Structures are given as C-alpha cells and as structure tokens.
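Please open the model in your viewer and keep a selection command ready. The tour proceeds stop by stop, with a selection to make at each.

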Amino acid sequence: MSAVEDRLAELGLTLPPVVPPVAAYQPAVQSGVYVYTAGQLPMVDGKLPLTGKVGDEVTADQAKELARTCALNALAAVKSVAGDLDRIARVVKVVGFVASATDFTGQPGVINGASELLGEVLGEKGVHARSAVGVAVLPLDAPVEVEVQVELTEV
C-alpha cells in the first residue's frame, strides 16, 4: 500500500472502487503531470446514501459528510490513472457543487468536507484553490458533487 493509503487506513477510511460513469465520460484523465477528475458524486456501494436539496431534505452537516465521500471517490479516480496516490505532488483545485434550497447559502461549509478530507489525507499537498457553487439540481438528485485537479510528480 502507498503512504497515502496507509494514511487513509489510519483515518479509518478505505479507498473505494472507482465509481463507474453515469454518462459518456471518463472518471479521470491525465494530461501531462495533471489529473482532472470528472465530477464525483457521493456514491457508496453504487448508490447515493441521500438525495435532495441541501437546506431542505438534506442538512448542511449531512451534505458536508457527503462531500467527504466525493473527495474519497475523487482520490480513487486519480489513482485509476496515476497508478499510485503517492505520486500526488499537490491538489491544485477543487470545485464543489451543492444542490441548494433557494435560501441556502452555506455552500462553502458543505464543500469544506472535501477540502478537509484532502488536508487530513495529504497534509500540505492537500492545500488547494477552490470554488463552492450552489446549483438547482445535480445528476441523480445528488446533494453534492466534487471535482478535483491534482499535479503529479514525474514517474
């Protein structure tokens, strides 16, 4: 196992299998030393644990946990093309989407779930730029979706 996967285990987490695409795209692609993930939904064992709008059917705390799951799924997607998570030189950018009730304005706090997970797992390499965006609806009625861009070390 890689040092990153050892750290996941210390946190009580396991890298899940890559979530299969729900449309015509790849979970992650590499271009040069960068890996770009597709938007990762908070799928667990092929299912969404919760659906609906944050601020209505889903609480901000529940959505923050779902964002952590999205980040974990993104790491699995990165590994699928990089081969080894220890090749991550740094997380460059995280973009998070939150399916929001019309009066919900806590998108940054929700996406902190993803950002905090990356920091816990990768340390300083997990510090990144970020956007947290409220949207009307996400695929499969998911409450959150997260995409990650990482820079890799050379092979």
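The stops below begin with a helix pair, pass through several strands and end in loops. The model is a predicted one.

**Stop 1: the recorded domain**

Select residues 5–147. UniProt, in an unreviewed entry, gives this span the feature "domain: Endoribonuclease L-PSP/chorismate mutase-like". The span is 31% helix and 22% strand, and its end C-alpha atoms lie 20 Å apart.

**Stop 2: helix α1 and its partner α3**

Select helix α1, residues 3–10, together with helix α3, residues 107–122. At what angle do the two axes cross? The crossing angle is roughly 115°, and the axes come within 8 Å of each other. The two helices are therefore roughly perpendicular.

Show side chains at the meeting point. On the α1 side, the residues involved are Val 4, Arg 7 and Leu 8; on the α3 side, they are Glu 120, Val 121 and Leu 122. Sorted by class, this contact comprises four nonpolar and two charged residues, with no polar ones.

**Stop 3: the two faces of α1**

Keep α1 selected and colour it by accessibility. Which residues of α1 are buried? They are Val 4, Glu 5 and Leu 8. Looking down the axis of α1, one finds these buried residues within an arc of 95°, so they line one face of the helix. The cover over them includes α2, residues 60–82, and α3.

Turn to the face of α1 directed away from the buried side; the exposed residues Ala 3 and Glu 10 are found there. Continuing along the chain, select Gly 12, which follows α1 and has a positive phi, near 80°.

**Stop 4: Gln 107 in α3 and Ala 132 in β4**

Return to α3 and select Gln 107, which belongs to this helix. Is Gln 107 buried or exposed? With a relative accessibility of 10%, Gln 107 is counted as buried. When neighbours within four places in sequence are left aside, the contacts of Gln 107 are Val 98, Ser 100, Ala 132, Val 133 and Gly 134.

From that list, select Ala 132, a residue of strand β4, which spans residues 129–135. Ala 132 has a relative accessible area of 28% and is partly exposed. Not counting residues up to four places away in sequence, Ala 132 touches Gly 96, Gln 107, Pro 108 and Ile 111. For a distance check, draw a line from the C-alpha atom of Ala 132 to that of Val 54: the separation is 13 Å, for residues 78 apart along the chain.

**Stop 5: Val 146 in β5 and Val 95 in β3**

Select Val 146, located in strand β5, residues 144–152. The relative accessible area of Val 146 is 0%, and the residue is buried. What surrounds Val 146, leaving aside neighbours within four places in sequence? Its contacts are Ala 38, Gly 39, Gln 40, Ala 67, Cys 70, Val 94, Val 95, Gly 96, Ile 111 and Ala 114. The C-alpha atom of Val 146 is separated by 17 Å from that of Thr 105, a residue 41 places away along the chain.

Among those contacts, pick Val 95, which lies in strand β3, residues 88–99. Val 95 is buried as well, at a relative accessible area of 12%. With residues up to four places away in sequence not counted, Val 95 touches Ser 131, Glu 145, Val 146 and Glu 147. Glu 57 is 38 residues from Val 95 along the chain, and their C-alpha atoms are separated by 23 Å.

**Stop 6: the loops**

Select Asp 45, in the loop between β2, residues 34–37, and α2. Its phi is near 55°, a positive value in a residue other than glycine. Asp 45 is exposed, with a relative accessible area of 75%.

Next, select Gly 46, also in the loop between β2 and α2. Its relative accessibility is 61%, and Gly 46 counts as exposed. The C-alpha atoms of Gly 46 and Leu 66 are separated by 14 Å, with the residues 20 apart along the chain.

Finally, move to the loop between β4 and β5 and select Leu 140. Here phi is near 60°, again a positive value in a residue other than glycine.

How values were computed. Residues numbered from 1 in each chain as written. Predicted model: local features only at pLDDT ≥ 70, side-chain atom pairs only at ≥ 80, totals over all residues. Heavy atoms only, no water. Axes fitted to C-alpha atoms, helices over the stretch in contact; angles between N-to-C directions. Helix = DSSP H or I, 4+ residues; strand = E, 2+ residues; numbered from the N terminus. Parallel < 35°, antiparallel > 145°, perpendicular 65-115°, else oblique. Contact = heavy atoms within 4.5 Å. Nonpolar A, V, L, I, M, F, W, Y, C, P; charged D, E, K, R; others polar. Buried < 20%, exposed > 50% of the residue type's maximum accessible area, 1.4 Å probe, protein only. Arc of directions from axis to C-beta. UniProt positions renumbered as here; feature names shortened; annotations may be inferred.
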